[in-house]
Amino acid sequence: MTKKKCPQCKNLISITAPTCLFCGRPNKFVTNNYVKRKWNNEFRKDKSNNFKILLSKKLFLIFICITILSIILTILYK
């Protein structure tokens, strides 16, 4: 496991550690990539969830329109 010195407290920490165990300073190289990766995944999830919600709203609206139209047609042709 490769280690490096923390710029703030000068203790040895793992390169893959997100923060320094001693002082809590973020490890820039890991957190920057981690944040970008995490943000992209959440952004994709938000987009897909919004699409599913919009699709379900449209289907619900179409269903209501069809039922109202069928009720009106049955009333008119009795």
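Which side chain is joined to that of Ser14 by a polar contact of 3.0 Å? In this predicted model, the partner is the side chain of Thr16. Ser14 itself belongs to strand S2, which covers residues 12-14. Ser14 counts as buried, because its relative accessibility is 14% and the limit for burial is under 20%.

The overall architecture is simple to state. The chain holds one helix and two strands. Read from the N terminus, the order of elements is β-β-α. Strand S1 spans 3-5, strand S2 spans 12-14, and helix H1 takes in residues 28-76. The chain has 78 residues, of which 8% are buried. Its exposed area comes to about 7200 Å². Carbon and sulfur atoms account for 67% of that area. Contacts between residues at least 6 apart in sequence were also examined; 2% of these join residues at least 24 apart.

The loop between S1 and S2 contains both Gln8 and Lys10. Gln8 is classed as exposed, with a relative accessibility of 53%. Lys10 is likewise classed as exposed, at 51%. The backbone of Lys10 has a phi near 65 degrees, a positive value in a residue that is not glycine. For most residues other than glycine, phi is negative.

Gln8 and Lys10 can both be placed relative to the segment that follows S2. Residues up to four places away in sequence aside, Gln8 touches Cys23 and Arg25. The C-alpha atoms of Gln8 and Phe22 are 9.8 Å apart, with their positions 14 residues apart along the chain. For Lys10 and Cys23, the C-alpha separation is 9.7 Å, at 13 residues apart along the chain.

Cys23 sits in the loop between S2 and H1. Cys23 counts as partly exposed, with a relative accessibility of 34%. Beyond its neighbours within four places in sequence, Cys23 is in contact with Cys6, Gln8 and Cys9. Gln8 and Cys9 thus appear alongside Cys6 in the contact list of this one residue.

The cysteines raise the matter of disulfides. A disulfide is a covalent bond between the sulfur atoms of two cysteines. How many disulfides does a search of the whole structure find? The search finds zero. Why does the sulfur of Cys23 form no bond with the closest cysteine sulfur? That closest sulfur belongs to Cys20 and lies 3.6 Å away, which is too far for a bond. The cut-off for a disulfide is a pair of cysteine sulfur atoms within 2.5 Å. Another cysteine, Cys65, counts as partly exposed at 44% relative accessibility.

A nonpolar patch lies on the surface. Its members are Phe60, Phe63, Ile64, Ile68, Leu69, Ile72, Leu73, Leu76 and Tyr77. Together they present about 970 Å² of accessible area. Leu73, one of these residues, is placed in helix H1. Leu73 is partly exposed, with a relative accessible area of 39%. Leu73 therefore passes the accessibility condition for a patch, since patch residues need over 30% relative accessible area.

Technical notes
Residues are numbered from 1 along each chain as its sequence is written. This is a predicted model: local features need pLDDT of at least 70, side-chain atom pairs count only at pLDDT 80 or more; totals for chains, interfaces and linings use all residues. Side-chain values use heavy atoms; hydrogens and water are left out. Patches are made of residues with over 30% relative accessible area and no salt bridge: like charges are joined within 9 Å, nonpolar side chains (Val, Leu, Ile, Met, Phe, Trp, Tyr) within 5 Å. Accessible areas come from the Shrake-Rupley method with a 1.4 Å probe; for residues, only the protein chains shown count as cover. A salt bridge is a side-chain nitrogen of Lys or Arg within 4 Å of a carboxyl oxygen of Asp or Glu. Helices (H or I, at least four residues) and strands (E, at least two) are DSSP runs, numbered from the N terminus. Buried means under 20% relative accessible area, exposed over 50%, partly exposed in between (1.4 Å probe, protein chains only). A polar contact is a pair of N or O atoms within 3.5 Å; within protein, one must be able to donate a hydrogen and the other to accept it, and residues adjacent in sequence count only if both atoms are side-chain atoms. Contact means heavy atoms within 4.5 Å.
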